Amino acid sequence: MHRQDHRLERLDDHWLRLPNPWDVPALVCAGTDVPLEPAAVDEALALLETAASLEALSAATGGPPARITRLALTPDFHKGAGIPIGTVIETEHALLPQAVGNDVNCGMRLEVTTLTADDVRPRLPALERRLRHLFFEGGRRIALSPAQREALLRDGVPGLLLTGAAPWAGLGDRDADDSLDRVHAPAFPTGTAEAFADWIGSAGATRHEATHDSVIGGIGGGNHFVELQYVARVHDPAAAHAFGLAPGTVVLMAHSGSLSLGHQANGTARDLLRATWPAGLPRPANGVLPFLLDERTAPARRRYLDAFGNAANFAAGNRFFLALTMRAGLAAECGDLEARLLYDAPHNLFWPDGDRVVHRKGATPAGGHAAVRGGPYAPWGEPVIVPGSMGAASYVLRGHGDPRTLASACHGAGRRVPRGAAARGGDAELDAFLAEFRVVTPLDHRDPVVARRGDVMAAWRRDLNQEAPWAYKDVGPVVESLRAGGVAAPVAELRPLLTVKG
DNA sequence: ATGTTC
């Protein structure tokens, strides 16, 4: 039992309430053994001050009465850059770009293969060499034409596939037709991809000449990874059977986002919000600038929504390519395999619904039966993928659509040590860990830089230290909070075989 | 998280 933060009121063993002067319903799903970070509670209370900003903005502009209708914090919530990671916030007549986080559509992709752990284990050393080449030594040659890049940004993976051939050399020609009812957010149709004209035209000499570029197929940094795992334990045999998660089955998991594109979209939002802020109205002390959903901001919102949609489409498409790259490595070293998408789920997005908008920052949808009506998961609830920290187990759960979290679950174990602080554990401890868990990185202290600059972002040792297991909470109590709190039920536990860190 | 370097 951890000492209770005096600002949180415990309702029962699994739920707390965050009282606030604006009477916004604000609940936290967390068991008594989950440590809660006071600095993150500070941030949540500061975010709730946006209730006052919205009132002032509506009054100053004569716009519709905007308000916060609900706040929820997931069991892994921790301090972010202004707004906690693990925040779900629902607004009415307002949109808060900052409540999505910088990395637009950061999320998870999980594929179930026809291989078993016994098939893969003897091949791990060879697979490590192969993946080092495929991900970091120029082996990643994913050829796209400017027209295909534009199609991906404007209409997502479905739009990309409509462009015809799939010339992603060396990665097979498999398309993603099987994925459309297994992707939470398959596409964000946008009117334009003008915000990313430079990237679209970057490497191609002509509109239809397909070339590789330095962005597509990159993993990213921080807690992002591509990992081979096996089903180590089944918690819900019927659901696990339906999901294809038999014990010993090898799965591949990608955790990645929109790389630089989401940041650029957020820069667009920041500029537009400042430019459209009413003259004479003081900017909010908490730094959170809302778009009011009225005619006045419609042109600015349109520009932002296009850039946001472009970045979101890129992120899901890039996860598709990351999975293709891992499949190519597996096929080369372990023989023919099938790999079927289980689910692609976002962590950082917003969901408009009439006058209301649900925003998730570092939280994942955990809808119930109704959310996946007609799809393959209708009998079970939405798949929820909770990645473990480096070396730790990950979990697949099924959502219950709990309104107390706005049908949301957590996106990991949650940091224990802030990113900026030195993580506990020295070099020797990290060396031992890296040897044990076969972490493939382009920058390995035993094997100096193998990546060409510009072809890949190097995994800096400093970053690996920040991602070491001891920098994170235990995932067990976090997942148990979701189960006991009624948010989602564990289906299976996945343990790592080999991790590729960006 | 990003992309990289005082």
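Colleague: How do the residues of the surface near DNA strand B divide into nonpolar, polar and charged?

Modeller: In this predicted model, three are nonpolar, seven polar and four charged. Glycine is counted among the polar residues in this scheme.

Colleague: Which residues come nearest to DNA strand B?

Modeller: Gly221, Asn223, Ser260, Arg419 and Trp460, out of the 14 residues around the strand. To be placed in that group, a residue needs a heavy atom within 4 Å of the strand.

Colleague: What part of DNA strand B do the atoms within 4 Å of the protein belong to?

Modeller: Sugar or phosphate accounts for 53% of them, and bases for the rest.

Colleague: What makes the approach of glycine 221 to a phosphate oxygen a polar contact?

Modeller: The limit for a pair of N or O atoms is 3.5 Å. A backbone N or O atom of glycine 221 lies 2.4 Å from a phosphate oxygen of DNA strand B, so the pair counts as a polar contact. Serine 260 also uses a polar backbone atom, at 3.1 Å from a phosphate oxygen of that strand. With histidine 224 the polar atom belongs to the side chain, and the distance to a phosphate oxygen is 3.5 Å.

Colleague: Why is leucine 341 called buried?

Modeller: Because its relative accessibility is 0%, and buried means under 20%. Leucine 341 lies in strand S11, residues 339-346. Its C-alpha is 9.4 Å from that of alanine 323, a residue 18 places away in sequence.

Colleague: Which residues touch the most other members of the largest nonpolar core?

Modeller: Leu18 and Leu153, in a core of 69 residues. Helix H9, residues 298-334, gives the most to this core, with 10 residues. Another core, of 28 residues, lies apart from it and includes Leu115, Ala254, Ala323 and Leu330.

Colleague: What is leucine 18 in contact with, leaving aside its neighbours within four places in sequence?

Modeller: Its partners are Arg7, Leu8, Ala26, Val41, Ala44, Leu45, Leu48 and Leu71. In soluble globular proteins, nonpolar side chains tend to be buried together.

Colleague: How do the axes of helix H5 and H9 cross?

Modeller: At roughly 35°, coming within 8 Å of each other; H5 spans residues 146-161. Among the H5 residues that meet H9 are Leu152, Leu153, Val157 and Leu160, while the H9 side includes Phe314, Ala316 and Phe321.

Colleague: What classes of residue make up the contact of H5 with H9?

Modeller: Seven nonpolar, five polar and two charged residues.

Note on methods: Residues numbered from 1 in each chain as written. Chains lettered and ligands numbered in written order. Predicted model: local features only at pLDDT ≥ 70, side-chain atom pairs only at ≥ 80, totals over all residues. Heavy atoms only, no water. Polar contact = N/O pair within 3.5 Å; in protein donor to acceptor, adjacent residues only side chain to side chain. Helix = DSSP H or I, 4+ residues; strand = E, 2+ residues; numbered from the N terminus. Buried < 20%, exposed > 50% of the residue type's maximum accessible area, 1.4 Å probe, protein only. Core = buried A, V, L, I, M, F, W, Y, C linked by side-chain atoms within 4.5 Å. Contact = heavy atoms within 4.5 Å. Axes fitted to C-alpha atoms, helices over the stretch in contact; angles between N-to-C directions.
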